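Trainee: Please take one part of this structure and walk me through it closely. Start from a single residue and work outwards.

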Amino acid sequence: MLRFMLEALIFDVDGTLADTERDGHRPAFNAAFAEAGLDWHWDATLYGELLAVTGGKERMRFYAEGHDREFLRQPDAEARIKFLHAAKTRHYLALLEAGGIPLLPGVRRLIEAARDAGLRLAIATTTTPENVTTLLRASLAPDAVSWFEAIGAGDVVPAKKPAPDIYRWVLEELRLPAAACLALEDSANGLKASLGAGLATLVTESEYSHGHDFSGAVAVLSDLGEPGWPSVVRCGNMHGKAMVDLELLSTWHQEFISKK
């Protein structure tokens, strides 16, 4: 078995493990709004704009500031935002449990290869812990949560991405330096967070992050690729490979480390 200086992979979730945003979180938000009797509705275009704000509760607060100031003037506005977020999570988890949100190309293949090679796995995300664990169980395996040594999710740190705090928290849990790890992200905010923590980072673009500034990423791809489904390179060098594998990740990792 190849020996890697790379010791761990740290995955973002939304847009990285699965395309959860447009057909997962967005309709779940809308279901929660309708259930609460609000006339808020986030179409696909608006939701893409709102994704510039990291965190579901923060996203609702930002939307209300621009579209429903009266909502924020209510003395229980913050409690209502928390209630709406809990309802949204309930609707989203139902979608996951029904198998409505599959993993993106190459995700399962790469995670299984990493486990076989003895690489450690972790999660660094702003989505809630329940969203993460349900996605892992429904899309990977019933025991998939145990595959990940550290799951940084939700409000485990107060500052959301693009702050690097969630990655620093995960590194502390793993007891590894940033130089021993590689992150996988899909957005500019996520990339800023991982780079801020000193991590080599591979970006796979999502529908909503196409065209973001991904300066500093080791590569920017359409996805991780599968046999017969090659990755489309937006930026970077695949070194002759058609899809992402552990050897390629190790090469990118060493290239990143050598520049520091």
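**A buried aspartate and what lies around it**

Mentor: Aspartate 186 is found in the loop between β4 (181-185) and α9 (188-196). The model is predicted, so every value here is computed from it. Aspartate 186 is buried, yet it has no salt bridge. Which side chain of opposite charge is nearest to it? Lysine 161 is, at 6.7 Å. A salt bridge needs the nitrogen within 4 Å of a carboxyl oxygen, so this pair does not count as one.

What does the side chain of aspartate 186 make instead? It makes a polar contact with the side chain of serine 206, at 3.0 Å. Now the wider neighbourhood. Leave out residues within four places in sequence, and aspartate 186 is in contact with Asp12, Asp14, Gly15 and Thr16. It is also in contact with Val203, Thr204, Glu205, Ser206, Ser209 and Phe214.

Pick up Asp12 from that list, and lysine 161 comes back. Lysine 161 forms a salt bridge with aspartate 12, and the closest N and O atoms are 3.0 Å apart. The pair links distant parts of the chain, 149 residues apart. Lysine 161 sits in the loop between β3 and α8 (165-174). Aspartate 12 sits in the loop between β1 and α1 (21-35). Are the two partners buried or exposed? Lysine 161 is buried, with a relative accessible area of 5%. Aspartate 12 is buried too, also at 5%. The cut-off is under 20%, so both values fall on the buried side.

Next, the strands. β1 covers residues 8-11. Ala8 and Ile10 point one way from β1, Leu9 and Phe11 point the other way, and all are buried. Four bridges join β1 to β4, and these strands run parallel. In β4, the bridge partner of alanine 8 is cysteine 181. β1 also pairs with β2, again in the parallel sense and over four bridges. There, alanine 8 stands opposite arginine 120.

β2 spans residues 120-124. Why is β2 largely enclosed by the rest of the structure? Because four of its five residues are buried. Three bridges join β2 to β3 (residues 150-152), and the two run parallel. In β3, isoleucine 151 is the bridge partner of isoleucine 123. To get from β2 to β3, the chain crosses through helix α7 (residues 129-139), and this β-α-β crossover is right-handed.

Look at α7 itself. Its buried residues are Asn131, Val132, Thr133, Thr134, Leu135, Leu136 and Ser139. What covers them includes α1, α5, α6 (107-117), β2 and β3. Take asparagine 131 as an example. It counts as buried, at 2% relative accessibility. Setting aside neighbours within four places in sequence, asparagine 131 is in contact with His25, Lys88, Thr89, Tyr92, Leu93 and Leu96.

Helix α5 (residues 77-97) also holds one end of another charged pair, glutamate 78. Glutamate 78 forms a salt bridge with arginine 61, with the closest N and O atoms 2.8 Å apart. Arginine 61 lies in helix α3 (residues 56-67), so the pair ties together parts that are 17 residues apart in sequence. Glutamate 78 is partly exposed, with a relative accessible area of 40%. Arginine 61 is partly exposed as well, at 26%. Set that beside lysine 161, which is buried.

From arginine 61, step to phenylalanine 71. Their C-alpha atoms are separated by 9.4 Å, and the residues are 10 apart along the chain. Phenylalanine 71 lies in helix α4 (residues 69-73). It counts as buried, at 2% relative accessibility. Not counting residues up to four places away in sequence, phenylalanine 71 touches Leu38, Trp40, Ala64, Ala77, Arg80, Ile81 and Leu84.

Last, the charges overall. How many salt bridges does the structure hold? It holds 16. Arginine 22 forms one with aspartate 23, at 3.8 Å between the closest N and O atoms. Arginine 22 counts as partly exposed, at 31% relative accessibility. Elsewhere, Lys57, Glu58, Asp155 and Lys160 are linked in a network of salt bridges. Back to the start: aspartate 186 is buried and has no salt bridge, but its side chain has the polar contact with serine 206.

Notes:
Residues numbered from 1 in each chain as written. Predicted model: local features only at pLDDT ≥ 70, side-chain atom pairs only at ≥ 80, totals over all residues. Heavy atoms only, no water. Buried < 20%, exposed > 50% of the residue type's maximum accessible area, 1.4 Å probe, protein only. Pairing = 2+ DSSP bridges. Right-handed = clockwise from strand over helix to strand, strands pointing away. Lys, Arg positive; Asp, Glu negative; His and termini not counted. Polar contact = N/O pair within 3.5 Å; in protein donor to acceptor, adjacent residues only side chain to side chain. Contact = heavy atoms within 4.5 Å.
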